[in-house]
Structure formats: C-alpha cells, structure tokens
Amino acid sequence: MHVLVLFKEVEKMDQENKSLKTVQTRGIYLLPNLFTTAALFAGFYAIVAAMKGYFDHAAIAVFTAMIADALDGRIARMTNTQTAFGAQYDSLSDMVAFGIAPALVAYSSSLIHLGKLGWLAAFLYVAGAALRLARFNTQPHDEDKTYFQGLPSTSAAPVIVSAVWLCYQYDLTGTLVAILTAFLTIIIAGFMVSNIRYYSFKQIDWKGKVPFFVLFIPILIITAISLEPPEMLFGVFFLYAFFGPVVTLWKLRKMKRQKNKKFREE
C-alpha cells in the first residue's frame, strides 16, 4: 500500500516537472529580442519619416536597424540564448526594416513620380527581399558560412536608402533621378535573388591578433563616414553590392580560359 502511494507521489512530481518545463519553454529571452524589437521599431520609423518627407531621418533609421540587427544575433550566440522564436522574430523584423522600409522610402522620395512603373519597382524590391529571407531560412546552416548566396537584404537596404539620402541632401529631383532610382532598385532586387556569392565577413577572427596598422583602417572609415555620411555609406555599400557580380564574372572568365586551354592541349 505504501509502495503504491509512493509511486503515485513520484508520478505526480514527474507531471509537475513536465508542466514546469513546458511553462519555461514558452518564455522568451529578453535581451536579444529587445535588439530585434529595436530593429523593427527603426524600420517602422523609417516608413513614417519617409511619409512625412524626412528622408535623411528615414535613412538613418534603416542604418540604426542594421546595427540593432547585427547585435541581436551576436548577443544571442554569446549568451547562449538562441531559440527558434528568436530566429523567426528576427526574420520578420528584417522583412520590415530591410524589405518594406527601403522600398517605401524610395517610392516616397522619387519612384512615386513614375506612376505604375514606380510602385512596381518598389514591389520588386520587396519581393526580392522576401524571397532572399525565405531562401536563407530554409538553407542548412551547417554549410560554408564564408559566403552568402545572393546579396543579403541587410546589405541591399543601405544601397537604396543611402542613394535616397544622397539625392535628398543635394536636392536632386526630377524624372531622370526617379528613373535611375528605379533602375537601381530593380538591379538590387535581382542581386538578392541571384546565386552570386558575397563575402560574409563571418570568418574574421575578432579575438585574434592583427598588425597594428590594421586597427587604423576602421578608424579611417569611421572618420570618413562621419565627415560625409550619405556619400561614404552609399559608396561603401554600392561597391559591396557590385563587387560580387564583378568577381563572379571574372571567375567565370578565368574558368572558361582554363577550359579552353585544357581543350587545346588535348
């Protein structure tokens, strides 16, 4: 009899422990999700600022979202607080901050003057960002992390918003500017869904030792950006976006030459 009572008590304790574990798994980690929320807020603010015509504020908000988005993943890995919820939340935040926000900023600034062509160009960018994020979420994450497949949305958005910021600062308007913005928006959307490889910078050993002069390089970059933010930011991210296709074409041409050389030797 006592054994039966003891067995029931143990079973009851097991059920309570399972219930407690279930309740604990329903919670979320605060710190990394706060940074994800900050990125989401910055993306939403960029849309609001663009609707009011403050395109410089909108661009700064997108860059702020970039910083918050870069920090949330690193903090989650450093504190061992990575969860499936955080991954999904981060992806949804990226869609707003780096998909919808840049498209609406570009549309509100200049694409609106092109009518149907303008909002179609903006939609192509949104669709490209959505497809890029969906492909990233479904890819196995144990493969080579040295390169991205397609231009990341976090690198595509700065190209668009910095171009808008540059035009806003120098008061560049008109049909020609709108056409160039539409062309750039469509090209960047194509880069996101392409198979072009982009260096991810994830293999850099931040804890390792480097020559002293290497430390001076980021100081120069930060100083240059502080002096002329829209020009420098546009230049940096524009070069990164178009560096991938240039390197890819160069490698394809090199492979073709080697193939032709091998064919001639045979």
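**Contacts, core and two loop residues**

Q: Among contacts between residues at least 6 apart in sequence, what share joins residues at least 24 apart?
A: This is a predicted model, so local features need pLDDT of at least 70 and side-chain atom pairs count only at pLDDT 80 or more, while totals for chains, interfaces and linings use all residues. Residues are numbered from 1 along each chain as its sequence is written, and side-chain values use heavy atoms, with hydrogens and water left out. With contact taken as heavy atoms within 4.5 Å, the share of these contacts that joins residues at least 24 apart is 84%.

Q: What pattern do the helices and strands follow along the sequence?
A: Helices (DSSP H or I, at least four residues) and strands (E, at least two) are numbered from the N terminus. The protein holds 9 helices and 2 strands. Read in sequence order, the pattern is α-α-α-α-α-β-α-α-β-α-α.

Q: How much of the protein counts as buried?
A: Buried means under 20% relative accessible area, exposed over 50%, and partly exposed in between, for a 1.4 Å probe and protein chains only. Of the 266 residues, the share that counts as buried is 34%.

Q: What part of the exposed area do carbon and sulfur atoms supply?
A: Areas here come from the Shrake-Rupley method with a 1.4 Å probe. The protein exposes about 17700 Å², and the part from carbon and sulfur is 69%.

Q: Which residues touch the most other members of the largest nonpolar core?
A: Such a core is a set of buried Ala, Val, Leu, Ile, Met, Phe, Trp, Tyr and Cys residues joined through side-chain atoms within 4.5 Å. The largest one has 52 residues, and the elements that give it two or more are α2 (30-51), α3, α4, α5 (116-138), α6, α7 and α9. In soluble globular proteins, nonpolar side chains tend to be buried together. Those touching the most other members here are Tyr125, Leu151 and Ile188.

Q: Which residues does Leu151 touch, not counting those up to four places away in sequence?
A: Leu151 belongs to the largest nonpolar core. Its contacts beyond that sequence window are Arg132, Ala156, Ile188, Phe191, Met192, Tyr198, Tyr240 and Ala241.

Q: How far apart in space are Ala178 and Gly118, C-alpha to C-alpha?
A: Ala178 sits in helix α7 and is buried because its relative accessible area is 0%. Beyond four places in sequence, Ala178 touches Ser110, Leu111 and Leu114. Although Ala178 and Gly118 are 60 residues apart in sequence, their distance in space is 8.1 Å.

Q: Which residues is Thr181 in contact with, leaving aside neighbours within four places in sequence?
A: Thr181 is another residue of helix α7. At a relative accessible area of 12%, Thr181 is buried. Its contacts outside the sequence window are Ala106, Ser110 and Leu111.

Q: What is the phi of Asn80?
A: Most residues other than glycine have a negative phi. Asn80 lies in the loop between α3 (55-78) and α4 (84-109), and its relative accessibility of 64% is why Asn80 counts as exposed. Asn80 is not a glycine, yet its phi is positive, at about 55°.

Q: Is Asp171 buried or exposed?
A: Asp171 also has a positive phi, near 55°, in a residue other than glycine. Its place is in the loop between α6 (153-169) and α7 (175-193). Because its relative accessibility is 61%, Asp171 counts as exposed.
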